[in-house]
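Let's walk through this model together, starting with its charges, moving on to the fold as a whole, and ending at a single residue.

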Amino acid sequence: MIPQNSPLANYLSNQAALDAAIQRVLNAGRYILGEETAAFERQFADYIGVPYAVGVGNGTDALHLALRGLGIGPGHEVITVSHTAVATVAAVEMCGATPVLVDIDPESYTMDVTLLESARSDRSKAIVPVHLYGQPCDLEEIIRFARKYGLWVIEDCAQCHGALYGGQRAGSWGHAATFSFYPTKNLGALGDGGAITTRDPSLYENLRALRQYGWDENRISQCHGWNSRLDELQAAILRVKLTRLEESNQARIRIARLYHERLSRIPELTLPSAKTGTSHVYHQYVVCCPARSARDRLMHFLSEQEIQTAIHYPVPVHQQPAHAARLSESCSLPMTEEVVGRILSLPIFPELTDMEVDRVAKAIETFFSRSRP
């Protein structure tokens, strides 16, 4: 079986260094918010190109706390997309704010910036652009729009660790940016973890309090806070993987190039590509089929060939039962609703071999050659 993603393969390829880091934490005897977390925060902030990073429990908490830290709450609206992990919208609602969803660009599947004006109201307080599949959004236009109307920009970077926009890291453009370190991410822990990056020293101090009950240095709650802390084991693991992130991303880019070389001869498929001025780090390699029926049949055929695929994401957030009653009536998202029926994520992770890429490509070629009249 060729998996769609393999955290196990990533662990095995870094086993000696990861085992040593885990043992170092076990021997140190401090397991929450110790030196490993502090060191990772410094190193990750450095990598992104900002002064500050705050480690938290997971990516959803990162976005929730970033919004809270910027004062987003009841009565406010946050502009984002429906074609994303449900966590993006869930974090907005955790603040008591209202998500306002815009459609996506048909080529990149990220936020269609031409729709921001029609989505804005007097209650708009923030924009959460989601850098999807490893591809950054059109950040310059988003920030220009935000400055015009005095809106916060919080980048959702859960799928683009290391990507560049205009020569600058995703996660360094907005007022804040949030990251998930779920095991399948480009920078993945061996459990849950997340982080918030920012250039703002006041927001940084606020976030450090919010992640731990609103405590000051004397452990007195000066404001309402939560319990969301990056633990020492995950921080140590992430420190190892951060040193290898560029190498891992280059492996993903090379795999994407191989796919492109092989699959570009199949006219029925639309392949992903990097927008001008960006680097795509291929958290996912997402192809688009001519119709839902073709996508579903291809997915079934590849499963029979022991090739695992996935759909990111099969149902837009505004159509999911938990959210539809609040969101669906106010949404007109034709591109989002069309795309989710035709996309398919092929296997991609740094340890995927050329032979496995070739096997996936041959299977797809076989499927479409048999489907033609």
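The 35 positive charges of the protein (Lys and Arg, placed at NZ and CZ) and its 41 negative ones (Asp and Glu, placed at CG and CD; His and the chain ends are not counted) have mean positions 2 Å apart. Keep in mind that this is a predicted model, where local features need pLDDT of at least 70, side-chain atom pairs count only at pLDDT 80 or more, and totals for chains, interfaces and linings use all residues. Residues are numbered from 1 along each chain as its sequence is written, and side-chain values use heavy atoms, leaving out hydrogens and water.

Now for the fold: the protein has 14 helices and 12 strands (DSSP runs, H or I of at least four residues and E of at least two, numbered from the N terminus). Its radius of gyration, taken over C-alpha atoms, is 21 Å, close to the 21 Å that the globule rule (2.2 Å times the number of residues to the power 0.38) gives for 373 residues, so the protein is as compact as a globular protein of that length. Of those 373 residues, 57% are buried (under 20% relative accessible area, 1.4 Å probe, protein chains only). Among contacts (heavy atoms within 4.5 Å) between residues at least 6 apart in sequence, 71% join residues at least 24 apart.

Finally, zoom in on Ile196, which sits in strand β9 (residues 194-198). Ile196 is buried, with a relative accessible area of 1%. Leaving aside residues up to four places away in sequence, Ile196 touches Val54, Leu65, Ala176 and Leu207, among others. The C-alpha atoms of Ile196 and Val54 are separated by 5.2 Å, although the two residues are 142 residues apart along the chain.

Notes
Buried < 20%, exposed > 50% of the residue type's maximum accessible area, 1.4 Å probe, protein only.
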